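Me: Please take a close look at the empty space in this model, both open and enclosed. I want to know what lines it and what sits in it.

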Amino acid sequence: MAKIALITGATAGIGEACAYLFARNGYDLILTGRRQDRLDALAQQLNNDFNVRIAVAAFDVRIKEQVIHHLESLPDDWKNVDVLINNAGLSQGLDPIQKGSYDDWDTMIDTNIKGLLYVSKVVSNWMVNNGFGHIVNLGSIAGKDVYANGNVYCATKAAVDALSKGMRIDLLQHGIKVTAIHPGAVETEFSEVRFKGDKDRAKKVYNGFTPLTAVDVAETIWFVVTRPAHVNINDLLLMPTAQATATLIDRKNN
Ligand code: NDP
Ligand code: 8X3
């Protein structure tokens, strides 16, 4: 029986790279995100390339009822989830606190904190009943190191850091592993989403140095979930070589 991974935010970036890597290694996958067309195309590709079973569930992690409905509607055999990758997340805007947008704040808090909680409650209940499981939460350097104008995004990732610790404590007696992965700069759709489609501004984020790729992060997650049963990596900070802190990046040609 193949192992099962549930990946949130599988339609792009780190989540999509995890989907390819886990499928290549024989995992059956539950892929989620809002963009149904991307989920369907990815599912077909992975099924063709790797002959694994794929279930897709298109929902918005911010909407509790959708999360519960879509996950609980999965057939029972899909609920034997070995690995949950809580990856869906985003940043919106980069403004000082007095100028921040209420809507941007709601979107980040609802997605990065509340969405992660909604998914985690459903799936950790399954894991407790099954007696096994590994939850991997995507935090960020932004959760360890606050930077100018990052205020609310940084706070949401600090919350992911705290929730990862809390989950690890609560799930300890059930033998469920919890890992937090905190990447520095990864070139994905992240900055384009943060700057609301402004591709030029997004591109500048990665000017003059080599950022991490989504595959770099996926390979790190794969390493974490393939440790022996008695080993857990609690917390892992993963940076481009050219980046020392959230803001100290050694840029050339600038
Ligand atoms: P991308 O923008 O490339 O991917 C984000 C994914 O999240 C998409 O699949 C998107 O799917 C999904 N998502 C966003 N909002 C929702 C929502 N409301 N409901 C369901 N799914 C949602 O970014 P990354 O791959 O870079 O980001 C993945 C994670 O890694 C995030 O948590 C991010 O904060 C974190 N991270 C990223 C870093 C970076 O520099 N890129 C560094 C550190 C951490 P869809 O739009 O289809 O819903
Ligand atoms: C994404 C990395 O530094 O843009 O979490 O916040 S950063």
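Reply: Start with the second largest pocket, which holds about 210 Å³ of space. The model is predicted. The lining of this pocket is made of K3, Y27, D82, V83, F132, G133, H134, G175, K177, V225, R227 and A229. By class, that lining has five nonpolar, three polar and four charged residues. The charged ones include K3 and D82.

Now the largest pocket. The volume there is about 1200 Å³. A total of 50 residues line the largest pocket, and L90, Y153, T188, F190 and S191 come closest to its centre. Which elements build the wall? At least two lining residues each come from α1, β2 (28–33), α4 (102–130), α5 and α6. Of these, α6 has the largest share, with four residues. The class count for the lining is 23 nonpolar, 19 polar and eight charged residues.

What occupies the largest pocket? Ligand 1 takes up this space, and ligand 2 sits in the largest pocket too. Each ligand deserves its own look.

Ligand 1 comes first. The shell around ligand 1 counts 29 residues, and T11, R34, R35, Y153 and T188 come nearest. Among these, Y153 and T188 are also on the list of residues closest to the centre of the largest pocket. By class, the shell of ligand 1 divides into twelve nonpolar, eleven polar and six charged residues.

Three polar contacts can be picked out for ligand 1. The backbone of G9 places an N or O atom 3.0 Å from a ligand 1 oxygen. At D60, a polar side-chain atom lies 2.9 Å from a nitrogen atom of ligand 1. At Y153, an N or O atom of the side chain is 2.8 Å from an oxygen atom of ligand 1. How much of ligand 1 does the protein bury? Alone, ligand 1 exposes 880 Å², and the protein buries 96% of that. Three elements give two or more residues to the shell of ligand 1: α1 (13–24), α5 (151–171) and α6 (190–194).

Next, ligand 2. The residues around ligand 2 are S140, I141, A142, Y147, Y153, F190 and R194. Their classes are five nonpolar, one polar and one charged. The charged residue is R194 and the polar residue is S140. Y153 therefore belongs to the surroundings of both ligands, with an atom within 4 Å of each.

Side chains of three of these residues make polar contacts with ligand 2. A polar side-chain atom of S140 is 2.5 Å from an oxygen atom of ligand 2. The side chain of Y147 also has a polar atom 2.5 Å from a ligand 2 oxygen. For Y153, a side-chain N or O atom lies 2.5 Å from an oxygen atom of ligand 2. The area exposed by ligand 2 taken alone is 240 Å², of which the protein buries 83%.

That leaves the enclosed space. Rolling a probe the size of a water molecule over the atoms shows where empty space is left. How many cavities of 30 Å³ or more turn up in the whole structure? The search finds two.

The largest cavity has a volume of about 70 Å³. Its lining counts 15 residues, and Q92, G93, M108, N149 and N151 are the closest to its centre. Both α4 and α5 give two or more residues to that lining. By class, the largest cavity is lined by five nonpolar, seven polar and three charged residues.

The second largest cavity has a volume of about 40 Å³. T8, V61, N86, N87, A88, T111, G115, L116 and V119 line this cavity. Here α4 gives the most, with four residues. The class split is four nonpolar, five polar and no charged residues. By contrast, the lining of the largest cavity includes three charged residues.

To recap by element: α4 supplies at least two residues to the lining of the largest pocket and four to the second largest cavity. As for α5, this helix gives at least two residues to the largest pocket and two or more to the largest cavity.

Note on methods:
Residues are numbered from 1 along each chain as its sequence is written. Chains are lettered from A and ligands numbered from 1 in the order in which they are written. This is a predicted model: local features need pLDDT of at least 70, side-chain atom pairs count only at pLDDT 80 or more; totals for chains, interfaces and linings use all residues. Side-chain values use heavy atoms; hydrogens and water are left out. A polar contact is a pair of N or O atoms within 3.5 Å; within protein, one must be able to donate a hydrogen and the other to accept it, and residues adjacent in sequence count only if both atoms are side-chain atoms. Accessible areas come from the Shrake-Rupley method with a 1.4 Å probe; for residues, only the protein chains shown count as cover. On a 1 Å grid over the protein atoms alone, a cavity is a set of points where a 1.4 Å probe fits but cannot get out, and a pocket is an open set with protein on both sides within 12 Å along at least five of seven lines; lining residues have an atom within 4 Å of a point. A molecule sits in a cavity or pocket if more than half of its atoms lie within 2 Å of its grid points. Grid points are joined across faces, edges and corners, and a volume is the space filled by probe spheres set on the points.
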